[in-house]
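Here's a walk through one protein model, written for someone who likes cut-offs spelled out. Have the coordinates open and follow along.

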Amino acid sequence: MELRSNTNRRDRRNARSRGDPGWTVVRILFLLPLLLAGCQGEEREEETAQQVPVSGGTLRVMSERPGSLDPIAVDEIYESAVVRQVYEGLVAFDADLRLLPGLASSWTISADERTYTFTLRPGVRFHDGTPLTPEDVRYSLERCLLPDDDVACMVQSYLVHVRGAPAFLEGRADRIEGIGVAGERTVRIELEEPLPILLEILAMDQTVVVPKHHVEAGGTVALEEDPIGTGPFRYAGRTHTGGVALARNDAYWRGAALLDSLVFLPIPESEGIDEPEAVASGRVDFAALGMGDGPAARAAGLEVYRSPELSIAFLALRTDQAPFHETTVRQAVLRAIDRRRIQQIDLDGMVPVSGILPPGMPGRDPANLMPEFDPDEAARLLAEGGYREGRGLEAIRIVSTGGGRAEKMARWMEEDLQRIGLDAEVVLMDWRELDSLAVAGELQAFLMSWVTDLSDATSFLYSLFHSEGEGNLFAYRSPTVDRLLEKSRGMQAGREKSQLLRRAQEEILSDAPCVPLYHSSIAYAWRPEVEGIVIGPTGFALVDMTSVHFVGKPADDLAREELR
């Protein structure tokens, strides 16, 4: 699960698992879009049948500056896109969120679904040439639960189901009893109780395998300054704008990639270049487009592909900061914001919300659970709470990234809140600052998105709204919601689970720790000489870069990007 911002560049696109307004993982219900994408792919194959894939070249991806490159600290899509190329886990997702063997060639599950035994692939080596061992796997999983770590790893709430994990997390044990190694290729994980989504958890960014010897020798900054994994690309350095350059791993166990290198390239806002212009001009080869930029990209002759995401964009309301410590005020804000007007910004890219769970998520109730836009009711709620026309309430500062359509969205919300008497204003800042302050709990109200990489509806809601959820940026606490989510967590998808999730959403919307705005369908554009990009519901992070290539003359090599 990751945060993302809600803007685009000219416009300035932000993103984090909780940033864009943002996002996790689905499978079967995305079948139709995937089939359509397959048809488009067949047409492209006919058009380029005479073109021969070129080995080599540098693919330049327009990106915000990735923050942490240590897997256990990853919590945004810009970091995830890099980590997925450098590291690997025991299991992997393909672009359509199907589970595949990763560093484990096979696994077995006991009859009581509490013991998982993994067999590692033979001959796999890290980028520094050292062999992968079961001890590296054990060490990597334990890092997710380090008791003295300042990082709240996003998979902790799942891995505490491993036998002995709570004692390790609390500092009462030196090892996690339920993670064992045997021989040169076997890892065993024992659970206290069945966890149906364990394999999906082991395919997430945070549970990838890192080299124990490298981290122990370099300390806590080892993976920030010199990330080493087993993936198809190795770390080559930072660009002068804070981006990341990766070079091909020629010894990759699945076979070397066609590209020589990848560069995740931030373009300073001062350059005034939006995504379509950056791709069309050749400044970059690939970009996630901002809201409403699809037509401009097509007009420039670019390949454009739109992918629905398992995501939610929202206005977060911190329940521990005035005036949002008052439930009545939050309920009024929920009814005062005109979501339909906001969705006019990008009719193709903004899917209307009927609750919190996104379309395509198994267990989602299609019924409309959202209160209607009703400024009169919002004003009545304020008056009922003793705040007629907002009198006696603190000023509200809506924090957003700046520029273009994202700023327009924030300004419209400002108008909506002023219309019911609230003292509201928009504060603009860049994505990195917004993200940092939001996670630190220092913002009163802010725009963000959540994107998920798990196809489990409970996990989507748990991350955001459970009292211990790693994505709970609202300081939201509800014993009722906690109980409903905990009960549904161990269930397979079905009617009973769907009913529990509906009740949880009804409780959350009644408490209104956020204003759900829309689900995203993200458009991507790339240059016509780029082939092999296949995008699923989690976006670019899960693209198999080993098959991406150029047709015709490849881009220049890595040296064209200035490294620090």
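The notes below go from the whole chain to a sheet, then to ring pairs and a few backbone oddities.

**Ground rules**

This is a predicted model, so to speak of local features needs pLDDT of at least 70, side-chain atom pairs count only at pLDDT 80 or more, and totals for chains, interfaces and linings use all residues. Residues are numbered from 1 along each chain as its sequence is written, and side-chain values use heavy atoms, with hydrogens and water left out.

**The whole chain**

The protein chain has 564 residues, and 60% of them are buried. Buried here means under 20% relative accessible area, exposed means over 50%, and partly exposed is in between, with a 1.4 Å probe and protein chains only. The accessible surface adds up to about 21300 Å², with 47% of that belonging to carbon and sulfur atoms. Those areas come from the Shrake-Rupley method with a 1.4 Å probe, and for residues only the protein chains shown count as cover. In secondary structure terms, the chain holds 18 helices and 22 strands. Both are DSSP runs numbered from the N terminus: helices are H or I with at least four residues, strands are E with at least two.

**A four-stranded sheet and its helix**

One open sheet has 4 strands in the order β6-β7-β9-β8, with antiparallel pairing. Its edge strands, β6 (104-109) and β8 (179-182), each pair on one side only. On average, neighbouring strands of this sheet are turned by 20° against each other, direction ignored. Two strands pair if DSSP finds at least two bridges between them. Strands β7 (residues 115-120) and β9 (residues 186-190) run antiparallel and are joined by 5 bridges. Phe-118 has Val-187 in β9 as its bridge partner.

Helix α3 packs on this sheet, touching β7, β8 and β9, and its direction makes about 170° with that of β8. Contact means heavy atoms within 4.5 Å. For the angles, axes are lines fitted to C-alpha atoms (for helices, over the stretch in contact), and values run from 0 to 180 degrees between N-to-C directions.

How many of the 10 residues of α3 are buried? The count is 9 for this helix (residues 134-143), so α3 is largely enclosed by the rest of the structure. The buried ones include Asp-136, Arg-138, Glu-142 and Arg-143.

**Rings**

The structure holds 10 aromatic pairs. Rings of Phe, Tyr and Trp (its six-membered ring) pair if their centres lie within 6.5 Å; planes under 30 degrees apart count as stacked, over 60 as edge-to-face, and the rest as tilted. Two of the pairs are tabulated here.

| Pair | Centre to centre | Between planes | Type |
|---|---|---|---|
| Trp-107 and Phe-118 | 6.2 Å | 45° | tilted |
| Phe-465 and Tyr-476 | 6.3 Å | 85° | edge-to-face |

The tilted pair links Trp-107 in strand β6 with Phe-118 in strand β7, 11 residues apart. Phe-118 is buried at 0% relative accessible area, whereas Trp-107 is partly exposed at 25%.

In the edge-to-face pair, Phe-465 lies in helix α16 (residues 457-465) and Tyr-476 in the loop between α16 and α17 (479-489), so the pair ties together parts that are 11 residues apart in sequence. Phe-465 is buried at 2% relative accessibility, and Tyr-476 is buried at 2%.

Elsewhere, Phe-264, Phe-286, Tyr-524, Trp-526 and Phe-540 form one aromatic cluster. There's a charge over a ring, too: Arg-489 lies over the face of Tyr-462, at 3.8 Å from the ring centre. To count, NZ of Lys or CZ of Arg must be within 6 Å of the ring centre and within 35 degrees of the ring normal.

**Backbone oddities and a loop glycine**

Which residues does a cis peptide bond join? Ala-322 and Pro-323, with omega about 5°. Pro-323 lies in the loop between β15 (311-317) and α11 (327-336).

Glu-113 has a positive phi of about 60° although it is not a glycine. Glu-113 sits in the loop between β6 and β7 and is partly exposed at 39% relative accessibility. Ala-475 also has a positive phi, near 55°. Ala-475 lies in the loop between α16 and α17 and is buried, with a relative accessible area of 18%.

Finally, Gly-421 lies in the loop between α14 (404-419) and β18 (424-428). Gly-421 touches Glu-389 and Gly-390, not counting residues up to four places away in sequence.
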